[in-house]
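Please open the structure in your viewer and keep the selection tool at hand. This tour proceeds stop by stop, stating at each one what to select and what is found there.

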Amino acid sequence: MPKVLVDFAKAGLHNPTLLRLDTETKISDDLTLSFLTCRQEEKIGALVYLLSTFIETGKLTIVFVSTRHHVEYLQEILRIAGVEALPIYGNMDQTARK
């Protein structure tokens, strides 16, 4: 690992764990990557539709957004739509993430 990353981990993380991922042998065959192109004003509706229609019960999905405020906003939209969501964002403390 580059020295810059080691120094960063030592400075900002508590008990960091190094996890190496070898793409040829470690990525599950069950992992699916999907994306959809739509208009800006249709994004939230499209996401709610996809999550409630195409994601099988018990399957996990990761949705990335740009800010903590977007995370909280999207969580509320999904809650209203009946889609279970667990928010995680950068400035949460480690115990809150678990």
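The tour begins with the whole chain and then turns to the core, the surface and the charged pairs.

**Stop 1: the whole chain**

Please note at the outset that this is a predicted model. Display the chain as a cartoon and follow it from the N terminus: the elements run α-α-α-α. The secondary structure thus comprises four helices and zero strands. Next, display the surface. The accessible surface of the chain amounts to about 9,400 Å², and 57% of this belongs to carbon and sulfur atoms. Of the 98 residues, 11% count as buried. A further value concerns contacts between residues at least 6 apart in sequence: 26% of them join residues at least 24 apart.

**Stop 2: the nonpolar core**

Which residues form the largest nonpolar core? Select L47, V48, L51, L74, L78 and V83, the six residues of this core. Helix 2 and helix 3 each supply at least two residues of it. The largest share, three residues, comes from helix 2. In general, nonpolar side chains tend to be buried together in soluble globular proteins.

Now centre the view on V48. When its neighbours within four places in sequence are left aside, V48 is in contact with I77, L78 and A81. One of these partners, L78, is itself listed in the core.

**Stop 3: a nonpolar patch on the surface**

Select Y49, F54 and I55. These residues form a nonpolar patch on the surface, and together they have about 320 Å² of accessible area. To place I55 along the chain, find the loop between helix 2 (43-53) and helix 3 (68-80), where this residue is located. Is I55 buried, partly exposed or exposed? I55 has a relative accessible area of 34% and is therefore partly exposed.

**Stop 4: the salt bridges**

How many salt bridges does the structure hold? There are three. As a general point, side chains of opposite charge can pair when their charged atoms come close.

Begin with R39 and E42. These two residues form a salt bridge in which the closest N and O atoms are 3.8 Å apart. R39 counts as exposed because its relative accessibility is 55%. E42, with a relative accessible area of 36%, is partly exposed.

Move on to helix 3 and select R68 and E72. Their side chains meet in a salt bridge, with a distance of 3.3 Å from N to O. R68 and E72 are four residues apart in helix 3, so about one helical turn separates them. R68 is partly exposed at 32% relative accessibility, and E72 is partly exposed with a relative accessible area of 34%.

Remain in helix 3 and select E76 and R79. This pair forms a salt bridge whose closest N and O atoms are 2.5 Å apart. Both residues lie in helix 3, three residues apart, which is about one turn of the helix. Is R79 buried or exposed? R79 counts as exposed, at 52% relative accessibility, whereas E76 is partly exposed, with a relative accessible area of 35%.

**Last view**

To finish, display the core and the surface patch together. The core includes L47 and L74, while the patch includes Y49 and F54. Then add R68 with E72 and R79 with E76, two of the salt-bridge pairs visited above.

Technical notes. Residues are numbered from 1 along each chain as its sequence is written. This is a predicted model: local features need pLDDT of at least 70, side-chain atom pairs count only at pLDDT 80 or more; totals for chains, interfaces and linings use all residues. Side-chain values use heavy atoms; hydrogens and water are left out. Patches are made of residues with over 30% relative accessible area and no salt bridge: like charges are joined within 9 Å, nonpolar side chains (Val, Leu, Ile, Met, Phe, Trp, Tyr) within 5 Å. Accessible areas come from the Shrake-Rupley method with a 1.4 Å probe; for residues, only the protein chains shown count as cover. A salt bridge is a side-chain nitrogen of Lys or Arg within 4 Å of a carboxyl oxygen of Asp or Glu. Buried means under 20% relative accessible area, exposed over 50%, partly exposed in between (1.4 Å probe, protein chains only). A nonpolar core is a set of buried Ala, Val, Leu, Ile, Met, Phe, Trp, Tyr and Cys residues joined through side-chain atoms within 4.5 Å. Contact means heavy atoms within 4.5 Å.
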